[in-house]
Amino acid sequence: MKITKVLVANRGEIAVRVIRACREQGIASVAVFSEVDREALHVLMADEAYPIGPPAPAESYLAIDKLVGVAKACGADAVHPGYGFLAENAAFAEACAAAGLVFIGPPPEAIRSMGSKTAARQIARKLNVPTVPGTFEPLAEDTALRAAAREIGYPLLIKATMGGGGKGMRLVRAETELEAALGLARSEAAWAFGDGAVYLERCLADPRHVEVQVLADAHGRVIHLGERECSIQRRHQKLIEESPSPCVDAAMRERMGEAACRIAKAAGYVNAGTVEFLVDADRRFYFLEMNTRLQVEHPVTEMVTGIDLVREQLRIAAGEPLGYTQADVHLRGASIECRINAEDPFTDWRPSPGTITGLRAATGPWVRDDSAAYEGYTVPRFYDTLLAKLIVWGADRAAAIQRMSRALAEYKVVGILTTIPVLAHIVAHEDFRAGNLSTELLDRIMPAVATVKDGSRSIAVIAAVLAEYERLGHRTIAEAPPPTPDAWRTGRHPGWRSR
Ligand code: MV4
């Protein structure tokens, strides 16, 4: 089945990423946009763009009928969901199929079986893939709770069966807290996921988050593309990801990769997916969950494998066999991604929407900027704050870190606040450089970041004012006298600033 036109059911940098892959393959792309996204980059870049309603996601980017309606009306033959929004919604995948559209993602049954975290744990257990000790069924009302919890051991976590990504997770340190925590967890899960089912897992101390990228075609072939380490997180939002993981060696990679492929196969998985593991201090790994989508951090895998994951998604969705065998996959060098969010990390990471009055993204050798930003663009307040992803490659981890430091220093955003200063601080930190990616690394080093708080805020305000002043046609750089021969020699010029 040939794909000739793809409706991109998303916004932001991932919509741009998918549009680029389509263009390279000679496939037409169709953007959709809410009222506040009229001038968004994905709209400017797509071959066609159609409005789908008000800013609230429920009335636009989550409105299955509208999206399928636009896809049919414009003659698209396939739909790419990106990540977030409807990417892991089995009903959306079914609605696409029912309308004769190819869903560029896994079959609805695979989305469903991995959507239930207990069902996913059962699949892993059946394959003898290690799982975190815990329950394999949602807790029934009459579960012998204390006995089950005692067997698992404290501290333990109550997790939402239909949750994932740590959302709605609740820590229980001792039996005295158990009953109250369970009630709270159930009502939180019901509120957040429309399903109050929860299960128990032992809480691993200071684990690392390592995930394996898999590709599966419609002909039963599954390969893995190595791992990503995503241990630098804040409230279950990843800040920095890298590949390969500093804690995984070739033998461990082979075992984790093989486990990930077996899980994908058992789930009837097709397309790109990610199998998540926790790794403990003794480097034992435990299956956590499977993400049935293209992930935000997919570029670091692309950088070390040379494989274009979106291109492979399009090929797989068209029914083509994988263009690679496991033996064709070679990991080369190291890649790091920093997520640049429109947030004020010094004021409790509060969103920082507004107009970007000045922008100079980092470029140069082995630097990639996957971004939705441009100068003059207004970041709306209705959506996720992810603005851009800065990705670098280096011959080894140390080189990649140096390159990331350089690129972050080059990256200038004026008019809104971003997470760039915190990212630069983390990348410069000795623990990050040593690969000691503890779960509490961020908490430990944020106090040091906080000391630059006021200075950085006022610099951003001054920069925004100056940029606006310049935009209005005023000159901000004083009329300089012609440079003296001395100035040419020293490189110092009146009115020029080094940073
Ligand atoms: C855990 C855990 C400890 N024990 N599960 C799940 C989703 C991810 N966003 C965080 N998750 C965790 N699940 C068990 N049984 C600790 C975390 C966790 C974490 C894991 C790796 C790296 C950073 C983390 C930050 C917070 C919580």
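**Exercise 1. State the exposed surface of the protein and the share from carbon and sulfur atoms.**

Step 1. The protein exposes about 22100 Å², an accessible area from the Shrake-Rupley method with a 1.4 Å probe.
Step 2. Carbon and sulfur atoms supply 55% of that area.
Step 3. Note the basis. This is a predicted model, where local features need pLDDT of at least 70, side-chain atom pairs count only at pLDDT 80 or more, and totals for chains, interfaces and linings use all residues. Residues are numbered from 1 along each chain as its sequence is written, and side-chain values use heavy atoms, with hydrogens and water left out.

**Exercise 2. Describe the fold in overall counts.**

Step 1. Count the elements: 17 helices and 22 strands. Both are DSSP runs numbered from the N terminus (helices H or I, at least four residues; strands E, at least two).
Step 2. Take burial. Of the 499 residues, 54% count as buried. Buried means under 20% relative accessible area, exposed over 50%, partly exposed in between (1.4 Å probe, protein chains only).
Step 3. Take contacts, meaning heavy atoms within 4.5 Å. Among contacts with a separation of 6 or more, 66% involve residues 24 or more positions apart.

**Exercise 3. Locate the largest nonpolar core and its best-connected residues.**

Step 1. Apply the criterion: buried Ala, Val, Leu, Ile, Met, Phe, Trp, Tyr and Cys residues joined through side-chain atoms within 4.5 Å.
Step 2. The largest such core has 66 residues. Leu7, Phe92, Ile240, Leu390, Ile426 and Phe432 have the most contacts inside it.
Step 3. Assign domains, with bounds from an automatic or database assignment. Domain 1 (5-104) and domain 3 (208-451) each give at least three residues to this core.
Step 4. Inspect Ile426. Leaving aside neighbours within four places in sequence, its contacts are Ile232, Leu239, Ile240, Phe432, Leu442 and Ile445.

**Exercise 4. Analyse helix α9.**

Step 1. Helix α9 spans residues 250-266, 17 in number. From first C-alpha to last it reaches 24 Å, close to the 24 Å expected at 1.5 Å a residue. The expected span is 1.5 Å times one less than the number of residues.
Step 2. List its buried residues: Met252, Arg253, Met256, Gly257, Ala259, Ala260, Cys261, Ile263 and Ala264.
Step 3. Recall the geometry. An α-helix has 3.6 residues a turn, so residues three or four places apart point the same way.
Step 4. Find the cover. It includes α5 (108-115), α6 (117-126), β9 (208-216), β10 (222-234), β12 (271-279) and β13 (285-291).
Step 5. Check what follows. Gly268 comes after α9 with a positive phi, near 65°.

**Exercise 5. Is Glu201 buried or exposed, and which side chain does its own side chain contact?**

Step 1. Glu201 sits in strand β8 (residues 198-202).
Step 2. Glu201 counts as buried because its relative accessibility is 1%.
Step 3. Its side chain makes a polar contact with the side chain of Arg121 at 3.5 Å. Such a contact is a pair of N or O atoms within 3.5 Å; within protein, one must be able to donate a hydrogen and the other to accept it, and residues adjacent in sequence count only if both atoms are side-chain atoms.
Step 4. Arg121 is one of the buried residues of α6. The cover of those residues includes β8 and α9.

**Exercise 6. Place Tyr383 and find its polar partner.**

Step 1. Tyr383 lies in the loop between β20 (378-379) and β21.
Step 2. Tyr383 is buried, with a relative accessible area of 10%.
Step 3. The side chains of Tyr383 and Ser34 share a polar contact of 2.6 Å.
Step 4. Tyr383 and Arg11 are 372 residues apart along the chain, yet their C-alpha atoms are separated by 9.4 Å.
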